[in-house]
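Me: Hi! I have a model open here and would like to go through it with you. Could we take it piece by piece, with some reasoning behind each answer?

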Amino acid sequence: TPRYVSGIRPTGEIHLGNYLGAVRRWRSLEGVFFVADLHGLGGAVQETAESLSRCGVQNVVVESDHKADILELYHQLSFLTPTVLLGRMTQFKDKSASEMATLSLFAYPVLMAADIFYFGGTHIPVGSDQMQHIEFARDLWDVLRARGSTSFEKPEAVIGDSPRIMSLTDATRKMSKSDPDEMSRINVSDPPDVIRQKVRAAKTSMSMADDTPEANNLRTIYRAVGGTRVHERWPTFKAELVDLLIVELAA
Ligand code: AQP
């Protein structure tokens, strides 16, 4: 039987990207969903755990409650990890261009693989931005296998049609917790009037027919929350989008 394992970093607020890309699907799955607080220093661990529970996720676990075991496994895996595999990770390449490239940022996929193996994940429901890290965990599993027996299961990503949600203010970048601009993201805890304000202010293209990143991002969100209608004007589109979001996030 599949065992679903996935995590989220302890940034307190769960945003619409996390929610539509991953967390929404976690609600109905058997497994372990953890606050990945070993993936950084400090963080809002309890708030994130509570936020996950409020989203309806069962079996929420805090990674650092298993700190000794996970870090030991991470340490062991580090002896088997070819750095050439890590150097290929696009997230590392992207992030290290804008922030200081640390050893932890470079080694992040190894810790993520340790989490997956430790919690016994066979199926890993993540957003599409994490696909490459799951591929890395599979490659590492092959290395373990080639060296002898491993009791771990080979994990596989479960992405499905989970959308990639972009920033509301710059649709060339993904919606992200680390964007300093609050208007760039909708948090699942935002009250209706804040959702309305953010959607109204969201950058739009000139015409409803445009095929721009902004237009496509709003359409993606609209479809993901059940929208099916064709609107002639952005204001009416946005008004319906707000209603759909309020219902979805209150559920
Ligand atoms: N914009 C997004 N669209 C779709 N899925 C997303 N996820 C994150 N952003 C988007 C998915 O959410 C899950 C948990 O996220 P995380 O906090 O562990 O990962 P992250 O990618 O580091 O999140 P952020 O908000 O982008 O944080 P920062 O800004 O610090 O980098 C994952 O399954 C992820 O795919």
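Me: How many residues of β2 are buried?
Reply: Happy to start there, with the note that this is a predicted model. G31, F33 and V35 are on one side of β2, with V32 and F34 on the other, and both faces are covered. The strand is therefore mostly covered, and a residue is called buried once 20 or more other C-beta atoms lie within 10 Å of its own. The count for β2 is 5 of its 5 residues.

Me: Which residues point one way from β1, and which the other way?
Reply: In a regular strand the side chains alternate between the two faces of the sheet. β1 is mostly covered, with 5 of its 5 residues buried. One way point Y4, S6 and I8, and the other way V5 and G7.

Me: How many bridges join β1 to β2, and which residue is the bridge partner of S6?
Reply: The two strands run parallel, and 5 bridges join them. G7 has F34 as its bridge partner in β2. For S6, the partner in β2 is F33.

Me: What do the buried residues of α1 pack against?
Reply: Helix α1 is mostly covered, with 11 of its 11 residues buried. Among them are L16, Y19, R24, R25 and W26. These buried residues pack against β1, β2, α2, β4 and α9.

Me: How is the chain divided into domains, and which helix gives the most to the side of domain 1 that touches domain 2?
Reply: Domain 1 covers 4–158 and domain 2 covers 182–250. Their C-alpha centres lie 30 Å apart. The contact takes 9 residues from domain 1 and 7 residues from domain 2. On the domain 1 side, the most comes from a helix that gives 4 residues, α1.

Me: By class, what does the side of domain 1 that touches domain 2 have?
Reply: The contact takes 9 residues from domain 1. By class, that side has 5 nonpolar, 3 polar and 1 charged residues.

Me: Where does α6 bend, and by about how many degrees?
Reply: Helix α6 runs over residues 103–118 and has 16 residues. From its first C-alpha to its last it reaches 22 Å, close to the 22 Å expected at 1.5 Å a residue. The bend in α6 is at P109, by about 40 degrees.

Me: Which elements do the buried residues of α6 pack against?
Reply: The buried residues of α6 include Y108, P109, V110, D115 and Y118. Their packing partners are β1 (4–8), β2 (31–35), α3 (67–78), α4 (83–87), β4 (123–125) and α7 (131–146).

Me: Which residue just after α6 takes a positive phi, and what is the phi of N59?
Reply: Just after α6, the residue with a positive phi of about 70 degrees is G120. N59 lies in the loop between α2 (45–54) and β3 (60–62). N59 is a residue other than glycine, and its positive phi is near 60 degrees.

Me: Is N59 buried, exposed or partly exposed?
Reply: Counting neighbours settles this one: N59 has 14 other C-beta atoms within 10 Å. Buried needs 20 or more, and exposed needs 12 or fewer. N59 is therefore partly exposed.

Me: Which residues is T81 in contact with, leaving aside its neighbours within four places in sequence?
Reply: T81 sits in the loop between α3 and α4. It counts as partly exposed because it has 18 C-beta neighbours inside 10 Å. Leaving aside neighbours within four places in sequence, the contacts of T81 are L86, V110 and L140.

Me: Why does R54 count as exposed, and how far is it from M89?
Reply: R54 lies in helix α2. It counts as exposed because it has 11 C-beta neighbours inside 10 Å. R54 and M89 are 35 residues apart along the chain, and their C-alpha atoms are separated by 33 Å.

Me: Where is D211, and is it buried or exposed?
Reply: D211 is placed in the loop between α8 (192–201) and α9 (213–224). From G12 it is 199 residues away in sequence and 34 Å away in space, C-alpha to C-alpha. With 8 other C-beta atoms within 10 Å, D211 is exposed.

Key. Residues numbered from 1 in each chain as written. Predicted model: local features only at pLDDT ≥ 70, side-chain atom pairs only at ≥ 80, totals over all residues. Expected span 1.5 Å × (residues − 1). Bend = angle between axes of the 7 residues up to and from the residue. Contact = placed C-beta atoms within 7 Å. Domains from an automatic or database assignment. Nonpolar A, V, L, I, M, F, W, Y, C, P; charged D, E, K, R; others polar. Pairing = 2+ DSSP bridges.
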